[in-house]
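Grab a pencil and work through these exercises with the viewer open. Try each task before reading its solution.

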Amino acid sequence: MIAKKIWGLTLVALVAVGLSACGGDASADGNDEADAASAQVVAAEADMDMAEAEMDAMPQELPEGVTAAMVEEGEGIYGGAGICMSCHGATGEGIPNLGADLTDDEWLHTDGTYESIVENIMTGVTSQESSSGVPMPAKGGAAITDEQVNAVAAYVWTLSQ
Ligand code: HEC
């Protein structure tokens, strides 16, 4: 017991000596440096968060002929004029016995390429082709232009990436 106490005291003393060794002006500078270093770490973390957010929003490489503007426009069409959301859900994860999941990499009616997604949306899915027997009308039955189909296909393509 006593031996332990002595060791404990010695440790405290050693730490105290260690602290005072870098005392005075040096310690003020040291703290500044430490603050600067931790500020840098925080900044680096913020950078990483931003990079991740950008990667989430924008897949690495868009297919040929697809622009970021089209993807953005397509997102609006998906939940708006295209009425895709009503059968495929707000997040594109599908609705059982209705629209298929568009976020996974399992495709029932396309091969996952941008071109095949455009084609699928243009023609729809017949009740014979549909896994649930529920058909998808051409263009989802919505009154959207071919350009809007291209844009919404661009958005759907990003969902599965
Ligand atoms: C009336 C409901 C309905 C609407 C509206 C609708 N879909 Fe579909 N969609 C379906 C059904 C049903 C399928 C086939 C699901 C199956 O086979 O299980 C399908 C399939 C698809 C597929 C093929 C998925 C695959 O796995 O190959 C894509 C892509 C797609 N829809 C995109 C869209 C887009 C984009 C819109 C909006 C323009 C839209 N759909 C609107 C019902 C709908």
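A residue counts as near a molecule or strand if its C-beta atom, placed from the backbone, lies within 6 Å of it. Before you start, note that this is a predicted model, where local features need pLDDT of at least 70, side-chain atom pairs count only at pLDDT 80 or more, and totals for chains, interfaces and linings use all residues. Residues are numbered from 1 along each chain as its sequence is written.

**Exercise 1. Describe the shell around the ligand.**

Step 1: start with the head count. The ligand is surrounded by 29 residues, and the closest are Cys 84, Cys 87, Ser 131, Met 136 and Gly 140.

Step 2: find the elements involved. Helices here are DSSP runs (H or I, at least four residues), strands are E runs of at least two, and both are numbered from the N terminus. Helix H4 (85-88), helix H5 (114-123) and H6 are the elements that give two or more residues to this shell.

Step 3: sort by class. Ala, Val, Leu, Ile, Met, Phe, Trp, Tyr, Cys and Pro count as nonpolar, Asp, Glu, Lys and Arg as charged, and the others, Gly among them, as polar. That splits the shell into 16 nonpolar, 12 polar and 1 charged.

**Exercise 2. Sketch the overall fold.**

Step 1: list the elements. You should get 6 helices and 0 strands, running α-α-α-α-α-α from the N terminus on.

Step 2: check burial. A residue is buried if 20 or more other C-beta atoms (placed from the backbone) lie within 10 Å of its own, exposed if 12 or fewer, and partly exposed in between. Of the protein's 161 residues, 21% come out as buried.

Step 3: look at contacts. Two residues are in contact if their C-beta atoms, placed from the backbone, lie within 7 Å. Among contacts with a separation of 6 or more, 56% join residues 24 or more positions apart.

**Exercise 3. Work out how H3 and H6 are arranged.**

Step 1: pick your descriptors. Two packed helices are described by the angle between their axes and the distance between the axes. The axes are lines fitted to C-alpha atoms, for helices over the stretch in contact, with angles from 0 to 180 degrees between N-to-C directions.

Step 2: read the geometry. The axes of helix H3 (residues 68-79) and helix H6 (residues 146-159) come within 7 Å and cross at roughly 95°.

Step 3: name the arrangement. Angles under 35 degrees count as roughly parallel, over 145 as roughly antiparallel, 65 to 115 as roughly perpendicular and the rest as oblique. H3 and H6 are therefore roughly perpendicular.

Step 4: list who touches whom. H3 brings residues including Gly 74, Glu 75 and Tyr 78, while H6 brings, among them, Ala 151, Ala 154 and Thr 158. By class, this contact has 9 nonpolar, 4 polar and 2 charged residues.

Step 5: zoom in on one charged residue. Glu 75, in helix H3, is partly exposed, with 18 other C-beta atoms within 10 Å. Glu 75 and Thr 158 are 83 residues apart in sequence, yet 10.0 Å apart in space, C-alpha to C-alpha.

**Exercise 4. Which residues have the most contacts inside the largest nonpolar core?**

Step 1: define the core. A nonpolar core is a set of buried Ala, Val, Leu, Ile, Met, Phe, Trp, Tyr and Cys residues joined through C-beta atoms within 7 Å.

Step 2: answer. The largest core has 20 residues, and Val 152, Ala 153, Ala 154, Tyr 155 and Val 156 have the most contacts inside it. H3, H5 and H6 each supply at least two of its residues, with H6 giving the most, 9 residues.

Step 3: trace partners, skipping neighbours within four places in sequence. Ala 153 is in contact with Gly 74, Tyr 114, Ile 117, Val 118 and Ile 121. Val 156 is buried, with 25 other C-beta atoms within 10 Å, and touches Leu 102 and Ile 117.

**Exercise 5. Are Asn 97 and Lys 139 buried or exposed?**

Step 1: locate them. Asn 97 sits in the loop between H4 and H5, and Lys 139 in the loop between H5 and H6.

Step 2: count neighbours. Asn 97 is exposed because it has 10 C-beta neighbours inside 10 Å, whereas Lys 139 is buried, with 20 other C-beta atoms within 10 Å.

Step 3: check phi. Most residues other than glycine have a negative phi. Phi of Asn 97 is positive, near 60°, and phi of Lys 139 is positive too, about 55°.
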